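Here's a quick look at two spots in this structure: a pair of helices, and a pair of domains. Have the 3D view open as you read.

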Amino acid sequence: MTSTTARAHLIENVSLYGDTTADLVLAGGVIASLSAADAPAGAVRIDGSGLVALPGLVDLHTHLREPGREDAETIATGSRSAANGGFVAVHAMANTTPTADTAGVVEQVWSRGREVGLVDVFPVGAVTVGLAGTQLSEMAAMANSRAQVRVFSDDGKCVHDPLLMRRALEYVKTFGGVVAQHAQDPRLTEGAQMNEGLVSAELGLAGWPSVAEESIIARDVLLAGHVGSRVHICHLSTAGSVEIIRWAKARGIDVTAEVMPHHLLLTDESARGYDPRFKVNPPLRTQADVDALRAGLADGTIDIVATDHAPHPDEDKDCEWGAAAMGMIGLETALGIVQKAMVDTGALTWRDVARVLSETPARIGRDAGHGRPLAAGEPANVTLVDPAAAWTVDPAGTASRSNNSPFGGITLPGRAVATFLRGTPTHLDARLTETSTEGAPA
Amino acid sequence: MRHLLDTDTLTRDEAIRILDASAQMAATQEREMRKLPTLRGKTVVNLFFEDSTRTRISFEAAAKRLSADVINFSAKGSSLSKGESLKDTALTLQAMGADAVVIRHWASGAASRLAGSGWMHGHVINAGDGTHQHPTQALLDAFTMRRHLVDDSAGKALDGVTVAIVGDILHSRVAGSNIPLLRTLGAKVVVVAPPTLLPYGMTDRDDLDVHYTLDDAIEAHDIDAVMMLRVQRERMTGGGSGFFPSPEEYTRLFGLDGDRLRRMPDHAIVLHPGPMNRGLEISAEAADSPRSVIVEQVSNGVAVRMAALYLLLAGEEAPQ
């Protein structure tokens, strides 16, 4: 917002992408230089030693709940949570009340995001009116609005009608948009409560079979190939889905796919005990699925990690499993989980993390100014990670208005300690604030 | 034992102890004065989120014959109209000083949630949770089978007994509790169902046998007890999602009639948790045959529930 008037920052001796050590001079909203010698007088100095600098993180899949469910989250609280988690931009899903299916609603979300100013809020437009799956929404109006919508999704619901999906895939070519599909065959998942498997059989909970996801993905990659459109698949959760995406990419189909942190770490065993904090859609799967998702993310079959941050108020989780809402918050834990599941296991480098949590989501979302290189002249959207700042997740400590995290009590190896949006610190860990000093280096 | 939530977590010794206590309770019910003073001053709440007159009055009779005070709390609701939340109901019961709560609920896991949530401190007995479990039904079935099929049954399990469970295994909390309990007690379990009504992975289990028709099961095993499950009407149709094509076809493949009963060993007994669909899963001839123990299951149900209440509520003061 006010990037040009933000104070300059000098981050000294920081590891860019975990590779090379440099200084980052953030001034005038851009990365002014990679040399401390160029820092302007009066710059706030931050000791970056031991920290990893990444291009600011971008979440392609967030639920901010406003308008309509401000008891669960608002654009302000969600933006704060995102900034704390290292994000500089989030895509806000369309399943609000009213639905984000008109230019008016997406402009409202967009402008509220600008007012808050902590992250860039990119509204996702609904593919169909009211997410009802029967009539295309006025996607061009949303694309041409001030919100410049490029990602369209009925997330929460699947665009199930194959003809409607075909039309949507074709139509978004008009403005370079992408349809992000929530792949869930509604008939195969009627009343579904958790992954269909041995655990659901034992717990007596209605199953959500993997084939309900995989059959829609198979159909949609074929459709995208047929009409020459790009398609994005939300929240991959099964080993079979990874195989289908791999096959589609080998055929040259323009498909991208995302995985959620919780699907990289948790399995359906978590449902034992019937604690609804582990109830999510798509559901937590088996260890074999977790392993396949990690492998798919490591080899590039899965393009990005997104959070599916889904806040719910206490009363929608402090109840019977069958009565509980699906979803879990995740903006503040995403980076730590990716480090735990992928970096510390050797499956990804920090440079890969920059790709899956910033560069590629920004490219899929067509987010100008995001996911750019850490280089002089680029926008000063930067996340500083402390990979050695182990912390224990306390859901009550989140900036989100809701605390429905499944990760309470889990220790994560690292976290974002600073987030800069066009040079302005939107999140600065207390430790960095205390040790930062003013003035040019000696 | 603090709660009775499922049969998976019951040890063999615990299960036998409940069956033995049930036998003692059953003996007291032969007397002229059937009421025992054991639970005087204790309050048992029957918390029913689903209609089930039979189960409720069975628990009510059990608690009253132990001299407990009984409160019936019908909090009928469904997944569509939630009504008062389970949490608020539990807080209310806690405030009223319920010593034990017998809960029937449409949601799988509701009893477990009630016991583990910290919302209340009383003992919890699961009287049926969704499509998960109904442990006292399985215990009364085991008690009935032990009486008929095991000599000098006190202290004994069901080792060597072959039990066929026939019908909607997928949605049946009766099957859900019976299968683990029967395995714990050493019985051989034979499951008979159309593939559409089997839980995921059941055909891969090596600790039970699965058959797709009742005739196959009768042919393959010397069945000592056959347990017919009730067919829920809503499973038959539903816009292409019926689990089987028609009631007639179900009866042809899975119904127990006199002919099939005669092809089982002479000592084989017939169980049904009730209420029966006569002419669908069981013929009148089979239901009313001398080998049917269906009415006896009902009276045994009271004894088993007395035992469960006794072991939970009296056990806390005089641990054994």
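## Two helices crossing in chain A

Keep in mind that this is a predicted model. In chain A, start with helix H1 (residues 75–84) and helix H2 (residues 103–116): their axes come within 10 Å and cross at roughly 60°. H1(A) and H2(A) are therefore oblique to each other, and their crossing is right-handed.

Who touches whom? On the H1(A) side you'll find A:Ile75, A:Ala76 and A:Ser79, and they meet A:Val109, A:Arg112, A:Gly113 and A:Val116 of H2(A). Sorted by class, the residues of this contact of H1(A) with H2(A) come out as four nonpolar, two polar and one charged.

## Two domains in chain B

Now swing over to chain B, where the domain assignment gives domain 1 (12–134 + 298–314) and domain 2 (135–296). Taken over C-alpha atoms, the centres of domain 1 and domain 2 of chain B are separated by 25 Å. Domain 1 of chain B puts 25 residues into the contact, and domain 2 of chain B puts in 24 residues.

## The domain 1 side of that contact

Which elements of chain B give two or more residues to the side of domain 1 that touches domain 2? They are helix H1 (12–28), strand E4 (123–129) and helix H11 (294–314) of chain B. H1(B) gives the most to this side, with eight residues.

As for chemistry, the side of domain 1 of chain B that touches domain 2 of chain B has 10 nonpolar, 10 polar and five charged residues.

Terms used. Residues are numbered from 1 along each chain as its sequence is written. Chains are lettered from A and ligands numbered from 1 in the order in which they are written. This is a predicted model: local features need pLDDT of at least 70, side-chain atom pairs count only at pLDDT 80 or more; totals for chains, interfaces and linings use all residues. Axes are lines fitted to C-alpha atoms, for helices over the stretch in contact, and angles run from 0 to 180 degrees between N-to-C directions. Helices (H or I, at least four residues) and strands (E, at least two) are DSSP runs, numbered from the N terminus. Angles under 35 degrees count as roughly parallel, over 145 as roughly antiparallel, 65 to 115 as roughly perpendicular and the rest as oblique. A crossing is left-handed if the near helix is turned anticlockwise from the far one by less than a right angle, and right-handed if clockwise. Two residues are in contact if their C-beta atoms, placed from the backbone, lie within 7 Å. Ala, Val, Leu, Ile, Met, Phe, Trp, Tyr, Cys and Pro count as nonpolar, Asp, Glu, Lys and Arg as charged, and the others, Gly among them, as polar. Domain bounds come from an automatic or database domain assignment.
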